[in-house]
Amino acid sequence: MLEFEEKGFAGSSLGGIAKRAGISRTTIYLYYDTKEAILEAAFRNSVEQAIDQVAHVVQAQSGDFRTVFSSALDVIYSQLVEGDAASFLKILVAEGHTMPNLVAFYRHEILSKGEAVIEALIARGIASGELSEDRRAEDVRIYMSPAIFAALWMRVFGQIDPLDLTEFKDAHVRLVTDALLERG
């Protein structure tokens with residue numbers, strides 16, 4: 001991942017990736033044909049696993065909507081905002097226009113799983129009576145927008161103007177849950 005983060009997708013090479021991994025260039029070809037395949041595998045390994053952890057939290061934790069949403073965001077912020085997974089977002093924003101197949105993969109294979117987790121959480125809130133049925137029709141991407149902003153902010157401006165991610169996450173919880181619970 002460091003190769004992609006430091007050099008960008010276009011500037012990285014299979015040789016550079018192999019060197020960082022401590023393997024020969026020919027060895028890397030035993031597993032991957034292209035840089036795209038490596039990046040896709042890295043997406044699955046990092047981002048998809050984090051989304052699976054969020055899904056587990058949503059399914060396994062008891063409590064009200066605010067509590068479960070906050071716990072889900074704890075995982076999202078630690079894995080996807082502060083962790084290396086934020087580098088993927090930066091790469092997609094900076095270079096996505098040059099790799100439409102990878103962008104489509106990320107959208108349909110990775111982000112759709114995350115959206116399904118949030119939809120399940122909203123359905124749970126509706127079933128418990130905390131949220132009104134009309135919440136089901138809303139675009140779930142709005143609930144994750146602050147986390148995406150935070151991930152990009154930290155990658156672009158973090159060295160000169162870092163966010164206090166604990167305070168930011170708490171504000172994210174309040175913003176979303178207060179709005180959702182307002183009309184119940």
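1. I122 counts as buried in this predicted model, because its relative accessibility is 2%, and buried means under 20%. The residue belongs to helix α7, which covers residues 100–127. Once neighbours within four places in sequence are set aside, the contacts of I122 are F65, L131, R135, R136, V140 and Y143. S132 is ten residues away from I122 along the chain, and the C-alpha atoms of the two are separated by 9.4 Å.

2. The overall picture is helical. The protein has nine helices and zero strands, so that its order of elements, from the N terminus on, reads α-α-α-α-α-α-α-α-α. Its C-alpha trace spans about 55 × 35 × 30 Å along the principal axes. The protein has 184 residues, of which 41% count as buried. If one takes contacts between residues at least 6 apart in sequence, 68% of them join residues at least 24 apart.

3. Helix α6, residues 85–95, is mostly covered, with eight of its eleven residues buried. The buried residues are A85, A86, S87, F88, L89, I91, L92 and E95. Which helices cover them? The cover includes α1, α4 (35–60), α5, α7 and α8.

4. Helix α9 takes in residues 165–182, and its length can be checked. At 1.5 Å a residue, its 18 residues should span 26 Å, and the end C-alpha atoms are 25 Å apart, which agrees. The expected figure is 1.5 Å times one less than the number of residues. At the N-terminal end of α9, D164 acts as the cap, with a side-chain oxygen 3.1 Å from the backbone nitrogen of T166.

5. Burial along α9 is one-sided. The residues L165, K169, H172, V173, V176, T177 and L180 are buried. Viewed down the helix axis, these buried residues fall within an arc of 100°, so they line one face of α9. E167, L175 and E182, on the other side of the helix, are exposed. Among what covers the buried residues of α9 are α5 (65–81) and α8 (141–157).

6. The whole structure holds nine aromatic pairs. One of them joins F149 and W153: the ring centres are 5.6 Å apart and the planes stand at 35°, so this pair is tilted. An angle under 30 degrees would be needed for a pair to count as stacked, and one over 60 for edge-to-face. Both residues lie in helix α8, four residues apart, about one turn of the helix.

7. Are F149 and W153 buried, exposed or partly exposed? F149 has a relative accessible area of 42%, so it is partly exposed. W153 is also partly exposed, at 22% relative accessibility.

8. F149 has a further ring partner in F168. Their ring centres are 6.0 Å apart and their planes are at 25°, so this pair is stacked. F149 is in helix α8 and F168 in helix α9, 19 residues apart, and the pair thereby links distant parts of the chain. F168 is partly exposed, with a relative accessibility of 21%. Taken together, ring pairs join Y77, F149, W153, F157 and F168 into a cluster.

9. Where is S12? S12 sits in the loop between α1 (2–11) and α2 (14–21). With a relative accessible area of 5%, S12 is buried. Apart from residues up to four places away in sequence, S12 touches E3, F4, K7 and K35. K35 also lies over the face of F9, at 4.7 Å from the ring centre.

Note on methods:
Residues are numbered from 1 along each chain as its sequence is written. This is a predicted model: local features need pLDDT of at least 70, side-chain atom pairs count only at pLDDT 80 or more; totals for chains, interfaces and linings use all residues. Side-chain values use heavy atoms; hydrogens and water are left out. Helices (H or I, at least four residues) and strands (E, at least two) are DSSP runs, numbered from the N terminus. Buried means under 20% relative accessible area, exposed over 50%, partly exposed in between (1.4 Å probe, protein chains only). The arc is that of the directions from the helix axis to the C-beta atoms. Contact means heavy atoms within 4.5 Å. A polar contact is a pair of N or O atoms within 3.5 Å; within protein, one must be able to donate a hydrogen and the other to accept it, and residues adjacent in sequence count only if both atoms are side-chain atoms. Rings of Phe, Tyr and Trp (its six-membered ring) pair if their centres lie within 6.5 Å; planes under 30 degrees apart count as stacked, over 60 as edge-to-face and the rest as tilted. A charge sits over a ring if NZ of Lys or CZ of Arg is within 6 Å of the ring centre and within 35 degrees of the ring normal.
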